[in-house]
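User: I'm new to this one, so please give me a close look at a single part: the cavities and pockets. Keep it relaxed and spell out the terms as you go.

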Amino acid sequence: MEWEDVFQSRILDRGYDYYQRGLVTNLKRTLDGVQATVKGSKTYHVTVFVQNEQIIDAECNCPYAQGGNYCKHMAAVMFASFPDDEMAQTAPKSQPAGIDVVQLVLSATEQQVRDFLTATLLADGDLATKFALQVAPKNAESNQQFYLEQIGEIIESYQDYSGFIDYPSAGPFEEELSTFIRENIQATLDQHQPKLAFRLINKVATKLARVDIDDSDGEIMMLAQECTEIWQQVIDQADAALTRQAFTWFQKHSQESMGAFEEVIEDLLFKNFTKPKFLKKKLDWTAEKIDDAEKAGNEWQAEQWSMFHLKTLVKLASPDDEIEDFCRAHIRYDDVRQYYVDFSVHRENYDQAIQILINGRKRGQIDGLRGLVQKYSRQLLALYSQLKRSEAYRQELWDFVTTYSPADLDAYRELKGLYSTSDWPTEREKVLAALPRHADVAQLYAEDHLYQQLLDTVLAQRGLIGVQTYEKLLKPKFSRQLLRKYVEVAQQMAKQTGDRQHYRDIVKVLNKMKAFPMGVSTADHLIQDWRVKYARRPAMLDELKRFDGV
């Protein structure tokens, strides 16, 4: 199966690396493809859709895939889903053709191996450093400067005279730097050298944050993912001293301009470092960030940092009073208000939850945030229903139908269910009278089979959308009136000159009229009249020939 053709070669190689490292789990075949999870800096959920031995679509929740790209996690899942015999054909190959490397080494003398290895390592400093990691990991940090120089050399080799990496160079640049990360920095982690790995990956990230590049294909985002995975492994391996160092570094750089790395660093900070001493530092830090965002008038960031602060309070098992004080102080932010509602419900303080929602709904009305008003109203309905507060529920539902989401059909049906068959007509008239003029009352008339009112409503509308929407309901009883509406619309359209598409649209209306009694003859009459009236419109007359009066 040629599924690998949809992937860039470097993405394919990375996917194979993930597969070899056993990072693909929960693999399941489905009727239309495969599903699995892939472990990286986060757990990524992958679905690949396959048809006729070709990938037709794929989904992954990683940032690179969210940009519409086929990612390494998808490739890893495809490698894992193949039998070994197919894998051998598809996987990247590094062994030279016709040479059995294993047998060749076994047949060599010890001195031959030593001499060859010595000559090779003297000629290749990069390979020598990797070898040092294998045989003398404790001395690996002495090679730090060599690695740092390599990072700088890779970046500089792709920059032009002004320091810019152009589009043709961006892909190869990303591939070489990613290879360096996997083969060198990952190797230091595999040899349990997290301190060195941390220094190196920090260098990569800080340089990338400042590099000027045309990364139209998401190269910086892919490199950011590579860095994130190294950082997470460093944190997992770190001793107490390195953990403190990492926390300080992340906190410092979260306050600097780090481009694509800013969100990554914030996620790492809040996902990790959960001991009380770090959580307390996070509280001071997030409080500062909230204050800075509010002073700058950045409501979105202020809300985001408020939620970080709130979640940190919870992780610290802070007293309820302290959490509530913070919620009240920052309740203007929707996410904080929502947390406060859930907090109150969880503690069965239902009256408080209801009042928070009522105040939020009022705030939404003042600010003209219709979606927010509807959300809080729906939550109030759910609470009233749960608490069996029938009158409050009925009033909220009434307000929802008539004000918050005028003529909402589902809510209308729910409200209708609260009344007896005999009482509903009277109540319905009150509801209809309370609706604003712009409300879509036609759907309510259709729901209650009020066909005369429905007809009057759709006939009063401009165009044919209403008529065509409810034509099946109205046609048996009101075909003559509906046909008259078609005639009116067709005549209005004919008065206006236009391009051929406009005239074709007129013919579509005429063809729709054929479904009515006397529709064909009525349309024929219109056409004959237009041929005289609009004789100087050859395009229109030509298009009218498309009318099929049979």
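Analyst: On a 1 Å grid over the protein atoms alone, a cavity is a set of points where a 1.4 Å probe fits but cannot get out, while a pocket is an open set with protein on both sides within 12 Å along at least five of seven lines; lining residues have an atom within 4 Å of a point. This is a predicted model, numbered from 1 along each chain as its sequence is written, in which local features need pLDDT of at least 70 and side-chain atom pairs 80 or more, though totals for chains, interfaces and linings use all residues. Side-chain values use heavy atoms, without hydrogens or water.

A quick word on confidence before going in. The chain averages a pLDDT (the predictor's confidence in each residue, from 0 to 100) of 88, with 91% of its residues at 70 or more. Residues 85-95 sit below 50, yet that stretch still has 17 contacts (heavy atoms within 4.5 Å) beyond near neighbours in sequence.

Now the enclosed spaces. By this rule, 2 cavities of 30 Å³ or more turn up. The largest cavity has a volume (the space filled by probe spheres set on grid points joined across faces, edges and corners) of about 60 Å³. Walk around its wall and you pass Arg21, Ile181, Arg182, Gln186, Glu226, Glu229, Ile230 and Gln233. Two helices (DSSP runs of H or I, at least four residues, numbered from the N terminus) each supply at least two of these lining residues: H9 (167-190) and H11 (219-237). H11 has the largest share, 4 residues. Sorted by class, the wall has 4 charged residues (Asp, Glu, Lys, Arg), 2 nonpolar (Ala, Val, Leu, Ile, Met, Phe, Trp, Tyr, Cys, Pro) and 2 polar (the others, Gly among them).

The second largest cavity holds about 30 Å³ of space. Its lining is made up of Ile11, Arg14, Tyr64, Lys72, Met222, Gln225 and Glu226. Here the elements giving two or more residues are helix H1 (9-20) and, again, H11. The largest share, 3 residues, comes from H11. As for class, this wall counts 3 nonpolar, 1 polar and 3 charged residues. Keep an eye on Glu226: this residue appears in the wall of the largest cavity and in that of the second largest cavity.

What about the open spaces? The largest pocket has a volume of about 620 Å³. There are 30 residues lining this pocket, and the closest to its centre are Glu262, Glu263, Val264, Glu266 and Asp267. Four helices give two or more residues to the lining: H11, H13 (262-271), H14 (276-295) and H15 (299-315). Of these, H13 gives the most, with 7 residues. The lining is a mixture of 10 nonpolar, 11 polar and 9 charged residues. So H11 is worth highlighting on your screen as part of the largest pocket, with 4 residues in the wall of the largest cavity and 3 in that of the second largest cavity.

The second largest pocket offers about 220 Å³ of space. You'll find Arg462, Gly463, Glu488, Val489, Gln492, Met493 and Gln496 around the edge of that space. By class, the lining comes to 2 nonpolar, 3 polar and 2 charged residues.

For some bearings beyond the linings, try three residues elsewhere in the chain. Arg504 belongs to helix H27 (residues 500-513). Setting aside neighbours within four places in sequence, Arg504 is in contact with Glu543 and Arg546. Its C-alpha atom lies 9.4 Å from that of Phe547, although 43 residues separate the pair along the chain. Phe547 also turns up beside Leu510, which touches Ala490, Ala523, Leu526, Ile527, Trp530, Leu544 and Phe547 once residues up to four places away are left out.

The third one is Phe400, found in helix H20 (residues 390-404). Beyond residues up to four places away, Phe400 touches Gln374, Ser377, Arg378, Ser405, Pro406, Asp408 and Ala411. From Phe400 to Leu415 the step is 15 residues in sequence and 9.7 Å in space, C-alpha to C-alpha.
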